[in-house]
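Me: I should like to study the structure below through a series of questions. Please explain each term as it arises.

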Amino acid sequence: MSASLQEDEAAALLATEAAALDGYFSETPLSPTPTYPILDTSFTTAIIITNLPRVNSTKLDKLVKVITKLVSRIGTLASTDDFSGVYLPIDPELDSTFGFAIVEYNTVEEARQAVEVLEGYKFDKNHSLNVIPYQRAQELENVDSTAEYEEPQPEPFRERPNVSAWLEDPIQRDQFVIREGKETIVKWSDGKTEPVVDYDGSREKEAGVAWCEYYTHWSPNGSYLATLVPSKGVILWGGKNFEKIARFPAPGVEFVVFSPQENYVLTCNNRRDDPNSIKVFSIQSGKLLRAFPLYPKDFLPEGMTPEQIPPPAFQWSHDDSYLARMGRDLISIYETPTMKLLDKRSLITDGIHEFQFSPKANILAYWAPEHGNAPAHVDLIELPTRTKLRQKNLFNVTKCSMVWQNDGEYLGVKVTRHTKSKKTLYNNLELFRLNEPGVPVEMLEIKDAVMAFAWEPSGHRFAMIHAENPTSTKVDVSFYDMMKKVEADTKKKSKGNKTTLSKTVGKQEATEIAEINKIE
């Protein structure tokens with residue numbers, strides 16, 4: 001085939017393809033001008049961290065990594081292919097950083113939270129961080145240094161409502177709140193006559209706003225009533241006329257937890273995808289102190305999903321000094337009001353299953369099941385020194401349940417044990433005496449299945465409900481006294497342990513118990 005014939009065939013093919021595409025192309029000329037997104041120059045998501053160590057270029061990468069790890073705990077950084085979210089400028093003449101960093105987050109809320117959390121943070125022994133919003137730095141840059149200084153005027157004093165006004169009721173009534181449908185009503189009650197309405201949100205109704213949409217909660221001493229408006233957050237009310245005391249922004253909030261001394265409030269929206277699902281606020285200042293994800297890092301075992309394991313709850317110490325949460329093989333303890341990790345490290349507790357604070361002292365009790373060759377054990381830890389006051393090893397343990405006495409003088413641990421074959425379960429009680437040197441522990445063996453165990457409020461006695469087996473319809477209630485003196489049984493001249501004839505509700509039986517005695 002000649003070259004001219006091949007060229008003719010190619011030309012014919014192109015003509016056919018062009019005819020097929022006729023009408024697909026517009027004759028309108030193209031505009032090469034690109035359309036760019038609007039440039040955001042507000043820098044509302046950026047912060048400036050000052051008082052950082054000054055390092056040369058050889059140590060720059062290491063410092064950036066440390067800062068990135070720190071700031072990324074608070075929120076998600078606005079990183080790109082060319083920007084990590086953290087920028088440390090360098091003085092080219094001195095080959096050294098200037099001692100500050102610019103950090104950018106994805107949201108304004110994260111940037112605001114970073115300012116509150118990182119301000120005053122002890123970066124190392126010689127550097128405590130100062131943090132300001134980038135916008136504030138821009139304002140300072142434009143300040144006229146030659147202008148005469150004018151002392152700022154303090155805000156006028158605003159007297160806070162008397163949150164204990166309900167205690168001054170002349171006829172000594174109590175208050176309770178009812179949430180029914182869309183109505184939230186606080187009533188007085190003396191237990192004798194018909195309850196009387198104290199406040200029903202009438203002030204808010206007139207203004208066309210809701211004072212509660214979802215849930216209400218009293219603070220431990222009754223000083224505050226928290227109402228939840230999920231679209232806005234938590235509102236605190238108090239005083240004689242139930243005035244608004246504070247509002248804490250917590251979108252989607254589902255429940256709140258007050259600290260025992262009513263200094264702080266914790267909110268939670270139960271969202272697994274929210275890195276700020278749990279927030280801790282100061283009631284007096286209204287400031288957000290710290291936010292946490294719903295689950296601690298690496299808490300879920302491999303193969304397990306959040307639907308299978310509930311999130312571990314935060315617990316307050318009795319005096320509001322500490323807030324703690326269990327993680328995997330550790331307890332993270334945060335100091336108030338800074339909400340920083342105690343001693344910058346968590347308390348290592350291999351295999352921990354549960355922990356509780358003492359109701360009257362900064363003592364933490366936890367138990368861990370058998371792990372490898374290590375037996376199960378109950379530990380008592382004193383804070384802030386982390387001193388181990390007592391450890392009690394336990395064997396063949398299936399489960400433990402810890403119960404503190406109200407005054408923190410005793411800790412009772414109901415231990416469910418199994419035989420070597422693991423086919424039979426039985427119980428015993430481990431009783432810790434916290435006020436005695438060395439924290440002695442006494443064991444009380446129980447032949448029956450123990451279904452409930454409780455201490456007498458502000459006393460030395462405890463009671464338990466027990467039966468021959470957990471499914472039994474006939475149960476017995478036994479009472480014991482930790483301080484009762486043992487008297488020798490005149491009918492039995494046995495050496496060693498002294499015995500007493502004791503009585504249980506429902507039946508009588510002779511029980512031999514050393515030191516801990518049933519009440520006759």
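Reply: Two strands pair if DSSP finds at least two bridges between them. Helices (H or I, at least four residues) and strands (E, at least two) are DSSP runs, numbered from the N terminus. This is a predicted model, in which local features need pLDDT of at least 70 and side-chain atom pairs count only at pLDDT 80 or more, while totals for chains, interfaces and linings use all residues. Residues are numbered from 1 along each chain as its sequence is written, and side-chain values use heavy atoms, with hydrogens and water left out.

Me: Where is confidence lowest in the protein chain?

Reply: The pLDDT is the predictor's confidence in each residue, from 0 to 100. The protein chain averages 86, and 90% of the residues score at least 70. Confidence is highest in strand β20 (residues 314-316), at 97, whereas the lowest mean, 36, belongs to strand β37 (residues 507-511).

Me: Which residue of β5 stands opposite Val86?

Reply: Strand β2 is joined by two bridges to strand β5 (residues 101-104), and the two run antiparallel. The residue in β5 that faces Val86 is Val103.

Me: Why is one side of β2 and of β8 left without a neighbour in the sheet?

Reply: The open sheet has four strands, paired antiparallel in the order β2-β5-β1-β8. One side of β2 (86-87) and of β8 (130-133) lacks a neighbour because these strands stand at the edges, each with a single partner strand.

Me: What angle does the direction of helix α4 make with that of β8?

Reply: Helix α4 (residues 134-141) packs on the sheet, where it touches β1 (46-50), β5 and β8. Contact here means heavy atoms within 4.5 Å. Axes are lines fitted to C-alpha atoms, for helices over the stretch in contact, and angles run from 0 to 180 degrees between N-to-C directions. For α4 and β8, the angle is about 85°.

Me: How many of the nine residues of strand β31 are buried?

Reply: Buried means under 20% relative accessible area, exposed over 50%, and partly exposed in between (1.4 Å probe, protein chains only). Strand β31 (residues 425-433) is mostly covered, and its buried residues number seven.

Me: Which residue in the hairpin of β30 and β31 takes a positive phi?

Reply: Strand β30 (residues 410-418) pairs with β31 in the antiparallel sense over nine bridges, and Lys414 stands opposite Leu429. Six residues lie between the strands of this hairpin, and the one with a positive phi, near 65°, is Lys422.
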